[in-house]
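Reader: I'd like a close look at one part of this model, the sheet and what sits around it. Could you walk me through it, residue by residue where that helps?

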Amino acid sequence: MGAMTATTRIAAQLAPQRSSQYSNLARDLAEPELLASPLGAALHDLSLRSIAGQDYLQFGLPGPITSETIRQLASMAMIGGVFELFDSIGDVEGPLLRPIPAVHPAFVSPDMAATRRYKGKTNEAFTHFLCNMAKYASDFCRDDWSALDVVDPLCGGGTTLFAALALGADVAGIDVDRTDIETTATFIGQYCRENRIALSSKEERLRKLNARRWHFQLGRDDGRRCLLVHGDARETKELLAGFGRPHLIVTDLPYGIQHNAPLRGLLGDCLPIWAELVAPGGAIAFSWDATRFTREEMVEFVSAAAPVEVVGRPPYDRLSHRVDRVIKRRDVLVARRR
């Protein structure tokens, strides 16, 4: 009989939130994020635990900590510090925590997403979570972010773009609001100057589409692309000509349109286009205000509107969570092209 594989016990601290408004965000979503990740299938004894007044996810992993395990844990949105957990060491009673250096090598600082402020902004940690859940459901779940292209066709002030840039992806965003796009373009220039990030840019007009595009290249030798477009998401394919097929399409649906014709109209028009555009093996992830548009209704509508397969396996079936007094219930749906 072979020797039993030793288990490494881990305590991962829940990521602190900048605003008390999102205080329960990590508590609700850290476990699903971890289970959806490439590490999820090997985890056991997963539970939420308080140690010295701080919340941790406690779980076991087979074998010793590897560089790949550290890379996966470091890239997660809803956990912070990672520690090896011991009940005791010698005569010293625990719980005792040994720090594990799990730090994601950010291409740009995550503060880029946090610094950008605008009306209707989505929490940057939640945006990072959306990117991860799309990636985990795709064929590219184990690929490095530097090999991936991420598109947000309803990008607003650019939080998705900056979160994905920090992870290391190439990004593109579209929005019909000219002010949002123009101020985001200005912000990119200002942020790069203030943080001494090499930046080249070019602006062009697409007269046939009545659209404008800003092409940014951040960094010198191993730079990243950021394409910013003022235009209609219903023309996503034409507006992104030359960018390439994205591996992931990630967006937070506008909260001003909920269980009514405008939301159905927007999704009904856009989803078939996004499904055609996304790369084979890629994924589409979006969040919406589920207060009046339930998950069951959304799954039924999406399945009928586009040639996609909704990812319904656990933990993708339990991503609903509270946001604030207005958005009492937000949910996340992830789909792959059939």
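Author: Sure. Bear in mind that this is a predicted model. Let's begin with one strand pair: E6 and strand E7 (residues 170–175) run parallel to each other, paired over 4 bridges. One bridge to look for is that of aspartate 149, whose partner in E7 is aspartate 170.

Now zoom out from that pair. E6 and E7 belong to an open sheet of 9 strands, and reading across you get E8-E9-E10-E7-E6-E11-E12-E14-E13, with mixed pairing. Strand E8 (199–206) and strand E13 (308–310) are the edges: each has a single partner strand, so one side of each has no neighbour in the sheet. On average, neighbouring strands here are turned by 20° against each other, direction ignored.

Next, go to strand E9 (residues 211–218), where you'll find arginine 213. Is this arginine buried or exposed? It's buried, because its relative accessible area is just 7%, and the cut-off for buried is under 20%. What does its side chain do in there? It makes a polar contact of 2.7 Å with the side chain of glutamate 204. A polar atom of the arginine 213 side chain also lies 2.9 Å from the backbone oxygen of alanine 241. Leaving aside neighbours within four places in sequence, the contacts of arginine 213 include Lys202, Glu203 and Leu206, along with Leu227, Leu228 and Val229, and Leu239 and Leu240. Aspartate 269 is another story: it's 56 residues from arginine 213 in sequence and 22 Å away in space, C-alpha to C-alpha.

Over to the helix on this sheet. H4 lies across strand E11 (248–252), strand E12 (283–289) and strand E14 (330–337), and it runs at about 30° to E14. Follow the chain into the loop between H4 and strand E6 (149–152) and you meet serine 138. Serine 138 counts as buried, because its relative accessibility is 5%. Its side chain has a polar atom 2.8 Å from the backbone oxygen of lysine 135, and it reaches the backbone nitrogen of phenylalanine 140 at 3.0 Å. Not counting residues up to four places away in sequence, serine 138 touches Leu248, Gly281, Gly282, Ala283 and Arg336.

H4 turns up again around another helix. In helix H2 (residues 67–74), the buried residues are Thr69, Gln72, Leu73 and Ala74, and what covers them includes H1, strand E3 (54–62), strand E4 (79–89) and helix H4 (124–137).

H1 leads to another serine worth a look. Serine 37 is in the loop between helix H1 (25–36) and strand E2 (44–51). It counts as buried at 5% relative accessibility. A polar atom of the serine 37 side chain lies 2.7 Å from the backbone oxygen of leucine 34. Apart from residues up to four places away in sequence, serine 37 touches Met76 and Tyr136.

One last helix to rotate on screen: H9. Which residues of helix H9 (residues 295–305) are buried? They are Arg295, Met298, Phe301 and Val302. These buried residues span an arc of only 130° around the axis, so they sit on the same side of H9. An α-helix has 3.6 residues a turn, so residues three or four places apart point the same way. Glu296, Glu300 and Ala304 are exposed on the other side of H9.

Technical notes: Residues numbered from 1 in each chain as written. Predicted model: local features only at pLDDT ≥ 70, side-chain atom pairs only at ≥ 80, totals over all residues. Heavy atoms only, no water. Helix = DSSP H or I, 4+ residues; strand = E, 2+ residues; numbered from the N terminus. Buried < 20%, exposed > 50% of the residue type's maximum accessible area, 1.4 Å probe, protein only. Contact = heavy atoms within 4.5 Å. Polar contact = N/O pair within 3.5 Å; in protein donor to acceptor, adjacent residues only side chain to side chain. Arc of directions from axis to C-beta. Pairing = 2+ DSSP bridges. Axes fitted to C-alpha atoms, helices over the stretch in contact; angles between N-to-C directions.
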